[in-house]
Amino acid sequence: ESRPTLELASVEPRRSESRPTLELDSRLAHTSAPQHRMLLSFAPFRALATSLLGLGSPSTVQVVGDAYLDIIAKIDELPQWDGDTAIRSPIETVAGGSALNTAVQLSALCRTRRQRDQPRPFRRCVLHSRVGSDLYGELVAAKTREAGVTLSARREGGQGVCICLSGRRDRAFVSFKGSVADLSEADLDVGRLLAPGTSHLHFSAYYDCSGLQPAVPRLMARAKAERGATVSIVPQTDATGAWEGGLLELLPHTDVLLCNQREAASIAGVAIAGRRATWYEISEAVRRLHARGAPLVVVTLGPDGAVAATEQQWWFQPNQERAVKDTTGCGDAFAAGFLFGWCGSRDVQRGLVYGCACGAAAVGITGGSEPLSATSVNACMRRNEGVQRAREVRTPRTAAAGASAEAEGEAFFSEENLSDGRVCAEADEDEDEDEDED
C-alpha cells in the first residue's frame, strides 16, 4: 500500500516495506544524549550532524499555560449540601492543568516517536508556566519532572490547586487559581520560548491564565516572525461567562483553535438548547468562528469523537466508547495527539486520528498527567477504526433555523456525505514477529 500507516509500533519496520511509516520506536528513549552533545560541541561536525542525524537545534513545540495540582475524587453523583458522600476509590493527588497535561503527553510521544516521513518533525516539548513556592508547588514541580517534561517556570506565590469531581461521563471543578491566574509574561523565559528550533507555539487554558492574555498577541507575532512557527490555542471554559478576553481578535493569527463543543458554541455566540450541542449548532458555531478569521477549527465531541473544519473542508473522526476510569485530562490528551499528528505534516486527518486515540486512551488512567503508552494508544486507534474510518467530508450547506436545520445537521455526518478516503491505520500483523527478532 502506498498510504502511510498511523500505527505506533515499538520496533523498526521491515526493510521490504515500500510504504513510509509513522511508527513509534521505544528504543529512542535510550539514545545516548551525551554522545550527541559531544559531537555537537565540535563546530566542524555541527552541520554534518544536523543534516545526517537531525541533531542541530531540535524542532520544539513550546506549550504555555496552566500548571495545577489536581485533587481527584471519583463520584457517581454530585454531592449535596450538608451531606457527606462516601466514594469507593481513594482520592488521588496528581499534577494537572491543561498545559501541563498536554506537555506530558506530547513529551511522551516525542520520546517514543520517529517522524521519518513528515516534512516538519519535532523532537521535544517544553512547558512554560508559573509554579507556586509553597508545598503544593513543590509537588507540582516534582511530579512534572517525574513525567519527563522539560519545565521552564518561575517559582513564586501560592500554587494553583484544582479539586476535580470526576464522574462516569462528565466532571466538575473547584479551583484556587493562585499561580495560574498570576502567570504573566514576566514569568516566562522569552529567550527560551522563542529559541532557535521553535516550530510551534501552543497556548493552553487561555481564559484561566488571565494575567497572560495581554502578552499573547505579541508572543504569537514574534513566534511567527522570528521562527516561522505555527500557533494553536485551547481556550477552555471562561469562569466569568463573558467569553471575551480578546480571544476573537486572536483568531486570524491562530493556525488551530481546539475546543470542545460547548466552548466553541459559547465563543461563537451560538445558544445550545440541550445539555450537548446538536450537529447543526456545532456547524453554525464553526461557521461563525471561520467568519471571525479562524483558519482551522477542531471541536471535540466527547465519546463521539471530533470534527475539524476549514472554510473548504470538514473532517470527522469517531470514537468507540470504552470503560471510563477518569475523564480528567481527556481533552488535553486529544490536543497533544492532534498536535503530534498535525504539526509535522499539516495533515488534519492524521491529527484527528491521533487525537481521538490519545483522548480515548486517557479515560483509562487517573488524572491527565500520567504519560500514555504507545500500546494503549494503538489499542484505541484499532477500536476507533472498527467504528468507522476517519473520512474527509464536504462543508455542509447553511441551513435555515428550526427542524429542517436539525435534520440537515444530522445528515451532514451521514454515510452518504462521507468520502471514501481511508486514513486510519491497519494493525501491523508482523509486529509480534518483529519484536521477537529484535
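Which residues have the most contacts inside the largest nonpolar core? In this predicted model, the answer is L106, V298, F338 and L352, within a core of 54 residues.

Quite a few elements chip in. Those giving two or more residues to this core are the strands β1 (60-64), β4 (124-131), β10 and β12 (305-309), along with the helices α3 (98-112), α11 (330-343), α12 (348-362) and α13 (374-387). There's also a second, separate core of 52 residues, with V64, A223, A229 and I233 among its members. As a general backdrop, nonpolar side chains in soluble globular proteins tend to be buried together.

L352 is a handy place to look around. Setting aside neighbours within four places in sequence, L352 touches V298, A306, V307, A308, W315, F316, Q317, F334 and F338. Two of those partners, V298 and F338, are listed with L352 among the residues with the most contacts inside the largest core.

Now for strand β10, which spans residues 256-260 and is mostly covered, with 4 of its 5 residues buried. Strand β10 pairs with β9 (residues 230-234) and with β11 (residues 297-300), as laid out here:

| Strand pair | Bridges | Direction | Residues facing each other |
|---|---|---|---|
| β9 and β10 | 2 bridges | parallel | S232 and V256 |
| β10 and β11 | 4 bridges | parallel | L257 and V297 |

So much for the pairing; on to the empty space. Searching the whole structure turns up 1 cavity of 30 Å³ or more, and its volume is about 40 Å³. The lining is made up of V64, F203, S204, A205, Y206, C209, L212, Q213 and V216. By type, that lining splits into 7 nonpolar and 2 polar residues, with no charged ones. V64 turns up twice in this story: V64 lines the cavity and also belongs to the second core.

One last stop is S345, in the loop between α11 and α12. Is S345 buried or exposed? S345 counts as buried because its relative accessibility is 17%, and the cut-off for buried is under 20%. S345 also has a partner from far along the chain: S345 and R120 sit 225 residues apart in sequence, yet their C-alpha atoms are 6.3 Å apart in space.

Notes. Residues are numbered from 1 along each chain as its sequence is written. This is a predicted model: local features need pLDDT of at least 70, side-chain atom pairs count only at pLDDT 80 or more; totals for chains, interfaces and linings use all residues. Side-chain values use heavy atoms; hydrogens and water are left out. Buried means under 20% relative accessible area, exposed over 50%, partly exposed in between (1.4 Å probe, protein chains only). Two strands pair if DSSP finds at least two bridges between them. On a 1 Å grid over the protein atoms alone, a cavity is a set of points where a 1.4 Å probe fits but cannot get out, and a pocket is an open set with protein on both sides within 12 Å along at least five of seven lines; lining residues have an atom within 4 Å of a point. Grid points are joined across faces, edges and corners, and a volume is the space filled by probe spheres set on the points. Ala, Val, Leu, Ile, Met, Phe, Trp, Tyr, Cys and Pro count as nonpolar, Asp, Glu, Lys and Arg as charged, and the others, Gly among them, as polar. A nonpolar core is a set of buried Ala, Val, Leu, Ile, Met, Phe, Trp, Tyr and Cys residues joined through side-chain atoms within 4.5 Å. Contact means heavy atoms within 4.5 Å.
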